Amino acid sequence: MEGRYRYWDDVQLFHNALPEIDFEEVDPSVEFFGKRLQAPLMITGMTGGYPGAVTINSNLARAAADLGIAMGVGSERAAILKGNFPESYSCVAKFAVPLKFANIGAPQIIAQAPGEQVIGLAEAKAAMDLIGADGLAIHLNFLQELVQPEGDRRARGCLDQIHQLARDLPVLAKETGAGMSRFVGDRLRAAGVRAFDVSGTGGTSFAAVEHYRAVAQGAIREARVGKTFWNWGVPSPVSVRELVPLELPIVASGGIRSGLDVARAVALGATAAGIAGGVLRAAATGPKETRAELEQIIYEFKVAMFLTGSRTLEELHRARYVLTGETRQWLER
Ligand SMILES: Cc1cc2nc3c(=O)[nH]c(=O)nc-3n(C[C@H](O)[C@H](O)[C@H](O)COP(=O)(O)O)c2cc1C
């Protein structure tokens, strides 16, 4: 369930008709979060907490290990607070994924009701230990919560709690499809987060996903909210540009569907790109399909590097581009 508009198509890289490098020389590797990745790509958190997720997370982890890219798991709330199917997360630890992120939600680090159990430092550490994680992704998903009839409505105090957790743990702050502004990035950086995953508008729309769930549950008010806010948020490329001045590593995500999109993200200043929805079908199909989809994306990324005359990621960061369409309007505001 995608957003209405493909913002990445508004980032047009200049073709270099005379690259003066050999395709074989192109080096897509990058250092991110203290680890070397063979390509600037991360499979961002999607699933866990039910038996079928063992297959999906294992397929993703096998491919991430084989290709030398980063990976996150879906929200670990169910496993950490309720003990639901921990093996659907821990299965990723069987594979030599170079960089792994545990995942918890910002709504769960504060009490939603008096006396409710929250994810504090001990639980966050347990989430990391479960998969042998190098970092802790804390996701911000308040748009999604507001389209869920049973969703969490309290957000006061999240920033303080992120600050507490980031004192002891390497935290990456991520959105879930509605993007980030500089205002938010500034506060998160001051709270001690070490990297951002923008997850901007233009890819998977959680307002859309929850709209259909709300319809199925007969929740008329939330179903309409989902429709109204289907395309709400800061577009992914705009989110990247908002955060670049903060000088922390950025994962550009939300609508990454090809290797060309990855190159566009890096040219805008991202350290790596993140993909979720674009690899989900392959991950649900099988290990070969998962690897093939990600290999294709990495190959296309190398093609884009070559055709911009970029031998390294540093050179791609300096590639010329033109912004068009709605993305340009956002950035000219
Ligand atoms: C099926 C599905 C489940 C997801 N679950 C989570 C989650 O549990 N935690 C999280 O941080 N993000 C979750 N996400 C958000 C993704 O990590 C990503 O930020 C978002 O989907 C935008 O990327 P995309 O356009 O490539 O899908 C989920 C995405 C999908 C498609």
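In this predicted model, the loop between β1 and β2 (30–32) is home to Glu-20. Most residues other than glycine have a negative phi. Glu-20 is not a glycine, yet its phi is positive, at about 55°. The surroundings of Glu-20 are easy to describe: it has 7 C-beta neighbours inside 10 Å, and 12 or fewer means exposed, so Glu-20 counts as exposed.

A second residue invites the same kind of look. Glu-247 is found in the loop between α10 (236–243) and β10 (250–253). Its phi is positive too, at about 60°, although Glu-247 is not a glycine. Is Glu-247 buried or exposed? With 9 other C-beta atoms within 10 Å, Glu-247 is exposed.

Asp-10 gives a contrasting picture. Asp-10 sits in the segment before β1 (11–13). Because 23 C-beta neighbours lie inside 10 Å, and 20 or more are needed, Asp-10 counts as buried. Which residues does Asp-10 touch, leaving aside those up to four places away in sequence? The contacts are Pro-237, Leu-323, Thr-324, Gly-325, Glu-326, Thr-327 and Arg-328. Ala-93 lies 83 residues from Asp-10 along the chain, and the C-alpha atoms of the two are separated by 38 Å.

Leu-81 falls between these two situations. Leu-81 belongs to helix α2 (residues 77–82). With 17 C-beta neighbours inside 10 Å, Leu-81 counts as partly exposed. Leu-81 and Gln-108 are 27 residues apart along the chain, and their C-alpha atoms are separated by 9.8 Å.

The strands come next. Strands of a sheet pair through backbone hydrogen bonds, either parallel or antiparallel. Here, 8 strands form a closed barrel with parallel pairing, in the order β4-β5-β6-β7-β8-β9-β10-β11. On average, and ignoring direction, neighbouring strands of this sheet are turned by 25° against each other. Helix α1 packs on the sheet, where it touches β4 and β5 (70–72), and the direction of α1 makes about 160° with that of β5. Helix α11 (residues 259–268) lies across β4, β10 and β11, and runs at about 140° to β11.

Within the barrel, β7 can be followed residue by residue. Strand β6 (residues 100–105) pairs with β7 in the parallel sense, over 5 bridges. Ala-102 has Leu-136 as its bridge partner in β7, while Gly-105 stands opposite His-139. From β7, Gly-135, Ala-137 and His-139 point one way, whereas Leu-136 and Ile-138 point the other way. Why is β7 described as largely enclosed by the rest of the structure? The reason is that 5 of the 5 residues of β7 are buried.

His-139 also leads to the ligand. The ligand has 24 residues around it, and those that come nearest are Gly-74, His-139, Gly-203, Thr-204 and Gly-277. Two elements, β7 (135–139) and α12, give two or more residues to this shell. The largest share, 3 residues, comes from α12. Sorted by class, the shell has 6 nonpolar, 17 polar and 1 charged residues.

Helix α12 deserves a closer look of its own. Which residues of α12 are buried? They are Gly-277, Gly-278, Val-279, Ala-282 and Ala-283. The elements that cover these buried residues include β4 (41–43), α1 (53–67), β11 (272–275) and α13.

The contact of α12 with α13 can be described further. Two packed helices are described by the angle between their axes and the distance between the axes. For helix α12 (residues 277–285) and helix α13 (residues 287–307), the angle is about 155° and the axes are 6 Å apart. An angle over 145 degrees counts as roughly antiparallel, and α12 and α13 are therefore roughly antiparallel to each other. On the α12 side, the residues that meet α13 are Val-279, Ala-282, Ala-283 and Thr-285. Their counterparts in α13 are Glu-289, Thr-290, Glu-293 and Leu-294. By class, this contact has 4 nonpolar, 2 polar and 2 charged residues. Val-279, Ala-282 and Ala-283 thus appear twice in the picture, among the buried residues of α12 and among those that meet α13.

Notes. Residues are numbered from 1 along each chain as its sequence is written. This is a predicted model: local features need pLDDT of at least 70, side-chain atom pairs count only at pLDDT 80 or more; totals for chains, interfaces and linings use all residues. Axes are lines fitted to C-alpha atoms, for helices over the stretch in contact, and angles run from 0 to 180 degrees between N-to-C directions. Helices (H or I, at least four residues) and strands (E, at least two) are DSSP runs, numbered from the N terminus. Angles under 35 degrees count as roughly parallel, over 145 as roughly antiparallel, 65 to 115 as roughly perpendicular and the rest as oblique. Two residues are in contact if their C-beta atoms, placed from the backbone, lie within 7 Å. Ala, Val, Leu, Ile, Met, Phe, Trp, Tyr, Cys and Pro count as nonpolar, Asp, Glu, Lys and Arg as charged, and the others, Gly among them, as polar. A residue is near a molecule or strand if its C-beta atom, placed from the backbone, lies within 6 Å of it. Two strands pair if DSSP finds at least two bridges between them.
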